Structure formats: C-alpha cells, structure tokens
Amino acid sequence: MFFRPKSLASSIAAVCALSGSLYATDYTNTSFYVAYDSADATQYALVMPSVAKVYTHKAGQIQAADLTQIDDQFSSFPTYNNGELCFPVLKDGATGNGGASTMAGNCYDVNFYYTQKAIIPEGAAFMLYYDTGDKVYEGLAGNPGSFQVVKDGATINNANSITGDDYTHYTFDHATGTAILGVDTASLPQQTLSNSITGNVTLTKDTLWLIDGLVVVESGATLTIEPGTTLAAFDGTGAQTSYMIVDKGGKIIADGTAAEPITFTSTKVAIDGAAPAVGQWGGLTIIGNAGNPQVLPYEVDPSFVPGDTDLADNSGILRHVKILNSGITMDVDKEINGLSMVGVGSGTVVEDIRVDLSDDDCVEAWGGTVNVTNVTATGCTDDHFDIDDGFSGTVRNLNISTTSGNAGIEMSGTTHATFDGFNIVQNVSAKEGGIYFKKDGIGGHFL
C-alpha cells in the first residue's frame with residue numbers, strides 16, 4: 001500500500017511543485033491522485049482519471065522532464081474503490097518501465113487529491129482535498145505558502161478562495177476524481193417542466209426544475225440544460241411515474257462540465273433531504289432514428305417508436321451528466337432504467353456519464369449506433385450496462401462497481417458491440433457474473 005505522507009505541509013509542497021510542472025489550460029478542472037509506492041518510498045504515482053493518464057516520478061524530481069507516462073503499460077486504467085487505487089496487470093508486451101512493474105497488480109491507499117481549477121493572472125489555481133481530515137485548500141501552483149484552508153469539515157472559509165468560489169456544498173467524487181461545488185437545491189426557486197416540451201427551451205442552474213409525470217421533448221424541439229443545473233423528479237409508480245423521454249426528432253443538449261455537472265435526481269433528495277435510494281423516480285430515455293429490424297417500440301410506452309432511417313442520427317449531447325436514484329418497474333418486463341437509449345444514432349454525444357442507484361439497469365441500449373465514453377455505473381439492482389437488439393456502438397472506458405444486481409455487462413440480440421477499456425468490480429456475488437451473453441449468437445469486441 002502507499003505510505004501516508006508524514007505531514008500535510010510537505011504534501012502540499014510536493015503537490016503544488018509537481019502541479020507546476022504539468023499545468024496547462026488543457027488540465028483545467030482535471031483532478032489528480034498522488035501517493036507513494038510502498039516498494040520504493042522515493043517512487044511517486046500521479047493518476048489523472050478524467051484524462052486517463054498515469055505518470056511516475058522520483059522524489060525531488062518534479063520537473064516535466066522527470067515525469068514518465070506509464071498508462072500505456074497497463075492492461076486497463078487503474079480503478080478507485082473504497083479508499084484504494086488498484087493498478088491492473090501489465091498488458092502483453094509491456095516492459096514495466098517507470099515503476100509500472102512495481103505497481104502492477106497492487107492496490108494503494110490514497111488520501112490526497114488535487115484539481116487544477118483555473119488559470120488566473122497569478123498563475124494556475126489549484127484545489128487540494130485532504131480526504132482523511134476533510135479539508136480543502138486553495139493555492140497557486142509552485143507556491144506552497146499560498147495554500148489556505150477553504151473548508152475544514154463543516155467550517156467554510158470562502159474568503160480564502162483565490163477563485164472566489166463557494167465551498168458551502170462542496171463534494172468530491174472519488175471514483176472519477178471530480179471536485180463538485182454543489183448548490184443547496186432545496187433553497188432554489190422551483191419551476192415545474194411542461195409535460196410536452198416544444199420549440200427551444202433552456203433550463204438554467206439558478207432554478208430547481210421539477211419533473212412531474214411524463215415529460216416529453218417532442219420531435220423538432222430542443223431542450224438545453226446549462227452546466228450545474230439540477231432536475232428533480234417526484235416519486236410515484238404506474239401512471240404517476242415521473243420520467244423524461246426525448247422523442248425521435250427531438251434533442252437534449254445537456255453539456256455539463258466536470259466542475260458543474262448536470263444532475264437528474266429525485267425531489268426526495270433535492271427538496272426533502274432524504275437519503276439517495278433506488279426507485280425514487282423513473283429515468284431518462286432517448287428515442288432515435290438509428291434502429292434496425294430487431295428494435296421494437298419502447299417497452300415502457302409503445303407509442304414511442306424508434307426510426308430506422310439514419311444511423312448517424314443526432315439526438316443531442318449528454319456530457320458530464322449524473323442520473324441518480326432512479327428506476328421504476330411499470331409492469332412485467334417494462335422497466336424504466338437510469339438511462340435508456342432506443343435506436344440512438346452515432347451523431348449523439350454521450351460522454352462522462354454517471355448512473356447510480358437505479359432499480360433496474362443503470363444503462364440500457366436497444367439497437368442504435370451511438371458511441372458512449374467514460375461511463376460509471378454503480379449500485380443498480382439489475383444489469384449495470386445492458387445492450388440489446390443489434391447495438392453496434394463503441395463503449396470506451398466503462399467503469400462498473402456492483403453492490404447488487406445481476407450482471408456487470410449483459411448482451412442479448414444479435415449484438416456485436418465494441419468495448420474499448422472497461423473495469424468491473426464485483427463487491428457481491430452476481431448471479432450472471434461480470435459479462436453475460438444472454439443467448440447464442442451474441443458476441444463483442446473487447447479491447
């Protein structure tokens with residue numbers, strides 16, 4: 001395991017010195033893990049999950065030329081789980097240079113995380129999160145004395161923020177290395193969405209947007225959601241279920257950022273302050289025009305029928321979006337998943353998505369050609385990533401952590417998708433295992 005640094009002060013000095021050798025505008029809002037290698041106390045590892053990079057360097061050697069990039073040495077990207085960062089085995093033909101051979105197959109403790117927030121006139125502004133002490137610091141790269149406490153447990157010191165940010169509702173997503181400056185959604189003004197969205201509609205982050213019943217983004221309409229916006233849906237089942245469908249010909253432009261993701265959640269959490277749990281609302285469904293003869297009308301509501309006229313169909317953008325506490329069973333074999341995609345085309349952007357706690361699948365795709373990148377799926381009660389009916393897109397960097405459910409990845413229909421990098425962590429026994437081919441004639445390309 002990684003040694004814990006001897007003092008916070010020395011850790012800040014090491015972190016900001018190292019960050020000073022790497023910072024660039026490309027890394028704004030990119031988070032890093034830093035720790036020691038237990039087999040060699042002078043060997044550091046620097047892991048950047050949001051851009052899939054891993055570097056090593058020796059203690060005291062912190063210039064850019066001293067860093068060795070080693071992510072291409074491993075069979076997959078390291079995974080974070082319950083306070084540990086675990087490195088996979090070396091891939092075939094890898095030499096293990098730069099400390100990779102020592103780290104391969106081992107897990108290490110991580111307590112310090114930092115994020116480049118912005119480039120300001122004085123230089124690169126960084127935020128350092130000390131997990132064990134629940135402290136957050138802000139300061140300038142290369143200037144250890146500039147780091148000041150902005151959050152110490154429940155005590156907030158926003159006056160120390162050199163970027164002027166509010167840390168009142170700060171949270172940190174360990175799995176993705178993302179720092180989130182949240183908002184008190186319960187205190188926001190509230191507005192209920194129309195059940196039929198037509199024309200061009202924009203949702204802003206200064207309002208809590210409520211989903212009451214079925215909300216449909218109609219053909220020809222575009223729903224734009226600003227970064228940092230929260231949508232909260234009421235609970236209910238059957239005809240009272242609250243969920244959203246983007247119909248074919250309609251678009252959703254939900255283009256969040258790492259620092260300001262777009263969140264779909266329940267009113268129980270966003271307004272009532274209840275604990276997150278599965279089944280607190282329905283979910284998000286997108287219907288496209290890239291279906292095929294295998295793809296049937298949407299099982300939850302067959303009045304929504306995918307088209308089959310345009311494999312490059314564009315249903316919009318989902319980027320830096322979180323879909324939480326969802327999943328409703330409407331009837332036998334008619335379940336709303338966290339994210340459902342029916343015949344969605346390759347012109348649609350689906351990147352940096354997180355689905356937690358769905359009372360069915362986290363993500364399910366029936367047919368379609370959409371490519372999906374950087375997906376994290378956790379805590380769902382059925383399958384975590386389910387593809388059916390000739391889905392032919394590419395899934396890149398899929399991260400699954402199961403605490404319940406049936407399969408990590410389930411595949412059915414004559415489906416031959418491509419999976420380019422995936423990690424499946426099974427914390428409990430799943431009856432269908434990590435990857436489950438449901439019937440004969442199913443396969444995939446696993447890179």
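The exercises below work through strands, salt bridges, aromatic pairs and backbone angles in a predicted model.

Local features need pLDDT of at least 70 and side-chain atom pairs count only at pLDDT 80 or more, while totals for chains, interfaces and linings use all residues. Residues are numbered from 1 along each chain as its sequence is written, and side-chain values use heavy atoms, with hydrogens and water left out.

**Exercise 1. The open sheet**

Task: Give the strand order of the open sheet of nine strands, and state its pairing sense.

Solution:
- Start with the terms. Strands are DSSP runs of E, at least two residues long, numbered from the N terminus. Two strands pair if DSSP finds at least two bridges between them.
- Read off the order: 16-19-22-25-29-31-33-35-37, with parallel pairing.
- Find the edges. Strand 16 (196-197) and strand 37 (435-437) each pair on one side only.
- Look inside the sheet. Strand 31 (residues 363-366) runs parallel to strand 33 (residues 383-388), and four bridges join them.
- Pick one bridge: Glu364 has Asp386 in strand 33 as its partner.

**Exercise 2. A hairpin**

Task: Determine in which sense strand 27 and strand 28 pair, and over how many bridges.

Solution:
- Locate the strands. Strand 27 covers residues 328-331 and strand 28 covers residues 334-336.
- Assign the sense: antiparallel, over three bridges.
- Check a partner. Thr329 bridges to Glu335 in strand 28.
- Inspect the turn. Two residues lie between the strands, and Asp333 takes a positive phi near 60 degrees.

**Exercise 3. Salt bridges between strands**

Task: Count the salt bridges in the structure, then place Lys151 with its partner.

Solution:
- Apply the criterion: a side-chain nitrogen of Lys or Arg within 4 Å of a carboxyl oxygen of Asp or Glu.
- The count is eight.
- Lys151 meets Asp134 at 3.2 Å, N to O. Lys151 is in strand 11 (residues 143-152), and Asp134 is in the loop between strand 9 (123-130) and strand 10 (135-140), 17 residues apart.
- Classify exposure. Buried means under 20% relative accessible area, exposed over 50%, and partly exposed in between, with a 1.4 Å probe and protein chains only. Lys151 is buried at 8%. Asp134 is partly exposed at 28%.
- Take another pair. Lys135 and Asp152 meet at 3.9 Å, N to O. Lys135 sits in strand 10 and Asp152 in strand 11, 17 residues apart. Lys135 is partly exposed at 24%, and Asp152 is partly exposed at 33%.

**Exercise 4. A further pair and a network**

Task: Find which residue forms a salt bridge with Asp420, and where both residues lie.

Solution:
- The partner is Arg396, with the closest N and O atoms 3.9 Å apart.
- Asp420 is in strand 36 (residues 416-426) and Arg396 in strand 34 (residues 394-402), so the pair ties together parts 24 residues apart in sequence.
- Both ends get a class. Asp420 is partly exposed at 34%. Arg396 is partly exposed at 36%.
- Add the network: Asp255, Arg319 and Glu351 are joined by salt bridges that share partners.

**Exercise 5. Aromatic geometry**

Task: Classify the ring pairs Tyr129 with Tyr170 and Phe385 with Phe419.

Solution:
- Two descriptors suffice: the distance of the centres and the angle of the planes.
- Set the cut-offs. Rings of Phe, Tyr and Trp (its six-membered ring) pair if their centres lie within 6.5 Å; planes under 30 degrees apart count as stacked, over 60 as edge-to-face and the rest as tilted.
- The whole structure holds 10 aromatic pairs.
- For Tyr129 and Tyr170, the centres are 5.7 Å apart and the planes stand at 65 degrees, so the pair is edge-to-face. Tyr129 is in strand 9 and Tyr170 in strand 13 (residues 169-173), 41 residues apart. Both are buried.
- For Phe385 and Phe419, the values are 6.2 Å and 80 degrees, so this pair is edge-to-face. Phe385 lies in strand 33 and Phe419 in strand 36, 34 residues apart in sequence. Phe385 is buried at 1%, and Phe419 is buried at 0%.
- Group the rings: Tyr113, Tyr129, Tyr167, Tyr170 and Phe172 form one aromatic cluster.

**Exercise 6. Positive phi**

Task: Place Leu357 and Asn374 in the strand layout, and give the phi of each.

Solution:
- Leu357 has phi near 60 degrees, positive in a residue other than glycine. Its place is the loop between strand 30 (349-356) and strand 31. Leu357 is partly exposed at 27%.
- Asn374 has phi near 60 degrees, again a positive value in a residue other than glycine. Asn374 lies in strand 32 (residues 372-378) and is partly exposed at 23%.
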